[in-house]
Amino acid sequence: MLPTRSLAAQPGFFKRSAQELGRLSRIAWNTETLHTPTKPFTLLDFQDESTVSGCKTFADRAVGGYSTASLDYEPGDPSSNTPPHARFHGSISTKLPQNWRVERTGYAAFRNQDRGLWLFGRLYWDVDPYAYLALRIRSDGRRYTVNIQTDTVVETDIHQHRLYTRHHRVHGASRHPGPDAIENSKDAEEFYPDGIPSALSDVPPDSTVISTNSSTATTSGGIGWETVLLPFNSFVRTNHGYVVEPQTSLIRQRVKSVGIGLTDRIEGPYDLRIHKIWATNGMNEADIDEERRICGADALPLDDVHSGKKQPDDHSQKSPSKEKGLKGLRSEWDD
């Protein structure tokens, strides 16, 4: 297949093709398709300023709202072990515009732009050999959501998962008729007859790997870097913020974009820092060294990663928290 004149003229076309062919060659040479890959697959590395500029932001201002969204590159600070990263920040407003057709505002998001074309068509990420999406972030505690878009028949379908952190805060119900608003309301049965999906609830499900032994999802305190592992098979299919049926699995072989959104409709500023986003089956020694250097006390422990499972209020009947070390996780994936 030879590229047409217009195709070949696109900036970076041959560079993208060479990079993708090189990546596929390395996979074949290392026979990674024959067993569980042990090396991480980086999707978005915000240490590179071009990765930040290669993303696009969204906010309700596009429909006349007043929320803002910015994604800026922040240089690193070696004195505090702060790596170069992206800063997703702005302000959420639920004020409605004059346009009577707009019934909902109060959202902001970002994602990578279309990855373009290469010799064999449109370029996608293939994360099928990996079990988890990993994000190294520094959160302000707001209720962010991770969004993955794939090559699907319905282009507006997105697979989502709440971004749980050590500093995840639970606010009162909002006016938005989605998981954030109706989790404890009588409308939940109408919108979600099967219940709120665990991946979108306020309490981290057992499958989420976070570095905390807290008995609640409302932890607070100092804000630092941390790494969160979200299982790909826990992401929930949504459309315009609503869970849709029938649920379909995320098409891991054809991932178009990855991003983060904020739809909690809590007015005021927000500030989320993102170091990088990658697919993984666990951390090797180099990854663990980087994790400890950047995250410090909030680093994922090697042998006793806690799932963040909420414990009973009665401490006399409290069962031990579920623990899964990174070594143990890898053995599970190999089974």
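**Exercise 1. Determine over which residues near 213-222 confidence is low, and decide how the model should be read there.**

Step 1. In this predicted model, pLDDT stays under 50 over residues 213-222, although the model has 22 contacts beyond four places in sequence for this stretch.

Step 2. Residues 304-323 form another such stretch, with pLDDT under 50 and 41 contacts beyond four places in sequence.

Step 3. Where pLDDT is low, the predicted coordinates should not be read in detail. For the protein as a whole, the mean pLDDT is 76, and 67% of the residues reach 70 or more.

**Exercise 2. Trace the order of the strands in the seven-stranded open sheet, and identify its edges.**

Step 1. The secondary structure comprises seven helices and 15 strands, and seven strands make up an open sheet with antiparallel pairing, in the order β2-β5-β14-β9-β10-β12-β13.

Step 2. The edges are β2 (55-59) and β13 (242-243), each of which pairs on one side only.

Step 3. Within the sheet, β5 (residues 108-112) and β14 (residues 255-262) run antiparallel and are joined by four bridges, with A109 standing opposite G261 in β14.

**Exercise 3. Establish which strands are joined to β4 by bridges, and how far β4 is covered.**

Step 1. Strand β3 (residues 68-74) is joined to β4 by seven bridges and runs antiparallel to it; in this pairing T68 stands opposite S91.

Step 2. Seven bridges also join β4 to β15, again in an antiparallel arrangement, and here I92 stands opposite G268 in β15.

Step 3. Strand β4 (residues 85-92) is mostly covered, since six of its eight residues are buried, that is, under 20% relative accessible area. Over the 335 residues of the protein, 48% count as buried.

**Exercise 4. Describe the largest nonpolar core, and follow the contacts of I274.**

Step 1. The largest nonpolar core has 39 residues, of which F46, F88, V127, L133, L135, V258 and I274 touch the most other members. Strand β15 (residues 268-280) contributes the largest share of this core, five residues.

Step 2. Beyond its neighbours within four places in sequence, I274 is in contact with F46, H85, A86, F88, F110, R136, I137, W225 and I260.

Step 3. A second, separate core has 10 residues, including Y132, V209, M283 and L300.

Step 4. For the protein overall, among contacts between residues at least 6 apart in sequence, 73% join residues at least 24 apart. The exposed surface comes to about 16,800 Å², with carbon and sulfur atoms supplying 50% of it.

Note on methods. Residues numbered from 1 in each chain as written. Predicted model: local features only at pLDDT ≥ 70, side-chain atom pairs only at ≥ 80, totals over all residues. Heavy atoms only, no water. pLDDT = per-residue confidence, 0-100. Contact = heavy atoms within 4.5 Å. Pairing = 2+ DSSP bridges. Helix = DSSP H or I, 4+ residues; strand = E, 2+ residues; numbered from the N terminus. Core = buried A, V, L, I, M, F, W, Y, C linked by side-chain atoms within 4.5 Å. Buried < 20%, exposed > 50% of the residue type's maximum accessible area, 1.4 Å probe, protein only. Areas by Shrake-Rupley, 256 points an atom, 1.4 Å probe, with all protein chains shown as cover.
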